[in-house]
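User: I have a model open at the bench and would like to know what stands behind the words people use for it. Could you take me through them?

Analyst: Happily; let us look at it together.

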Amino acid sequence: VDVDATVRSTGTVHRDFRGGSPLRLRGAGTAVAFPDFTVMRGSIRDITTTWDPPLLCICHPRLSIVNAGGDVQTRSVRVIVFPLPLLGIIVAVLLILVAAYRLGRRRYQQHVIVAAGALARPAGVGHP
């Protein structure tokens with residue numbers, strides 16, 4: 001999942017997000033760092049990182065920035081991850097198993113009917 005963030009510098013100096021203080025996205029037990037970047041005074045910077053979510057979740061990855069005054073600004077977004085291709089494969093396999101069971105059951109019933117008919121015939125009937 002690509003996560004985009006827009007960072008705006010409203011202070012009087014530029015802001016570096018590099019080295020020991022990168023900008024990180026935290027969500028579902030993982031922390032992903034954005035690439036190193038600088039936001040110049042009075043400018044806006046759009047950045048992107050790739051987050052690898054769990055296979056199935058309703059996650060709320062969050063991005064926190066500590067301002068110069070020590071205030072923390074946090075933004076989060078709800079991400080719903082539902083593997084439709086995997087669900088399709090599971091449904092297809094279940095349908096095949098149900099069809100195979102019904103076909104096998106129908107053949108078994110036909111064999112039972114034939115065997116019951118053979119047992120019900122009187123002895124000597126149909127033989128010269």
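**Reasons behind the words**

Analyst: Leaving aside neighbours within four places in sequence, Thr38 is in contact with His14, Arg15, Asp16, Arg18 and Arg45. Please keep in mind that this is a predicted model.

User: Why is Thr38 called buried?

Analyst: Its relative accessible area is 18%, and buried means under 20%, so Thr38 counts as buried. Thr38 is found in strand E5.

User: What makes the link between Thr38 and Asp16 a polar contact?

Analyst: The side chains of Thr38 and Asp16 are joined at 2.6 Å. The limit for such a pair of N or O atoms is within 3.5 Å, so a distance of 2.6 Å falls inside it. The side chain of Asp16 also has a polar contact with the side chain of His14, at 3.4 Å.

User: Why is His14 called partly exposed?

Analyst: Buried means under 20% and exposed over 50%, with partly exposed in between. His14 has a relative accessible area of 40%, so it is partly exposed. You will find His14 in the loop between E1 and E2.

User: How do you know that His14 comes together with residues from farther along the chain?

Analyst: Not counting residues up to four places away in sequence, His14 touches Thr38, Val39, Met40 and Arg41. Touching here rests on heavy atoms within 4.5 Å. There is a C-alpha distance to look at as well: His14 and Gly42 are 28 residues apart along the chain, and their C-alpha atoms are separated by 8.2 Å.

User: And Met40, what does it touch?

Analyst: With residues up to four places away left out, Met40 touches Ser9 and His14. Met40 lies in the loop between E5 and strand E6, which spans residues 44–50. Its C-alpha is 7.1 Å from that of Val13, although 27 residues separate Met40 and Val13 in sequence.

User: Why is Ser9 called buried, given that it is found in a loop?

Analyst: The word depends on relative accessible area, and buried means under 20%. At 9%, Ser9 is below that cut-off, so it counts as buried. Ser9 is in the loop between E1 and E2, and beyond its neighbours within four places it is in contact with Val39, Met40, Arg41, Gly42 and Ser43. The Ser9 side chain also reaches the backbone oxygen of Val13 at 3.5 Å.

User: What makes Val32 buried and Ala118 partly exposed?

Analyst: Val32 has 18% relative accessibility, under the 20% cut-off, so it counts as buried. Ala118 has 43%, which lies between 20% and 50%, so it counts as partly exposed. Val32 is found in strand E4, residues 30–33, while Ala118 is found in helix H1, residues 84–120.

User: Where do Val32 and Ala118 stand relative to other parts of the chain?

Analyst: From C-alpha to C-alpha, Val32 and Asp52 are 8.7 Å apart in space and 20 residues apart in sequence. Ala118 and Pro54 are 60 Å apart, with their positions 64 residues apart in sequence. Outside its sequence neighbours up to four places away, Val32 touches Leu23, Arg24, Leu25, Thr49, Thr50 and Trp51.

User: Which residues have the most contacts inside the largest nonpolar core?

Analyst: That core has 18 residues, and those with the most contacts inside it are Val7, Phe17, Leu23, Phe34, Phe37, Ile47 and Trp51. Two or more residues each come from strands E1 (2–8), E5 (37–39), E7 (57–59), E8 (62–66) and E10 (79–81). E1 gives the most, with three residues. As background, nonpolar side chains tend to be buried together in soluble globular proteins.

User: How do you know that Val7 meets other members of that core?

Analyst: Beyond four places in sequence, the contacts of Val7 include Phe17, Leu23, Phe37 and Ile47, and these are listed with Val7 in the core.

User: What lines the largest pocket?

Analyst: About 640 Å³ of space lies in this pocket. It is lined by 27 residues, and the closest to its centre are Val7, Arg8, Ile65, Asn67 and Gln73. E1 gives the most to the lining, with six residues. By class, the lining has 13 nonpolar, nine polar and five charged residues.

How values were computed
Residues numbered from 1 in each chain as written. Predicted model: local features only at pLDDT ≥ 70, side-chain atom pairs only at ≥ 80, totals over all residues. Heavy atoms only, no water. Helix = DSSP H or I, 4+ residues; strand = E, 2+ residues; numbered from the N terminus. Buried < 20%, exposed > 50% of the residue type's maximum accessible area, 1.4 Å probe, protein only. Core = buried A, V, L, I, M, F, W, Y, C linked by side-chain atoms within 4.5 Å. 1 Å grid on protein atoms, 1.4 Å probe; cavity = no way out; pocket = protein on both sides within 12 Å on 5 of 7 lines; lining within 4 Å. Points joined across faces, edges and corners; volume = space filled by probe spheres on them. Nonpolar A, V, L, I, M, F, W, Y, C, P; charged D, E, K, R; others polar. Polar contact = N/O pair within 3.5 Å; in protein donor to acceptor, adjacent residues only side chain to side chain.
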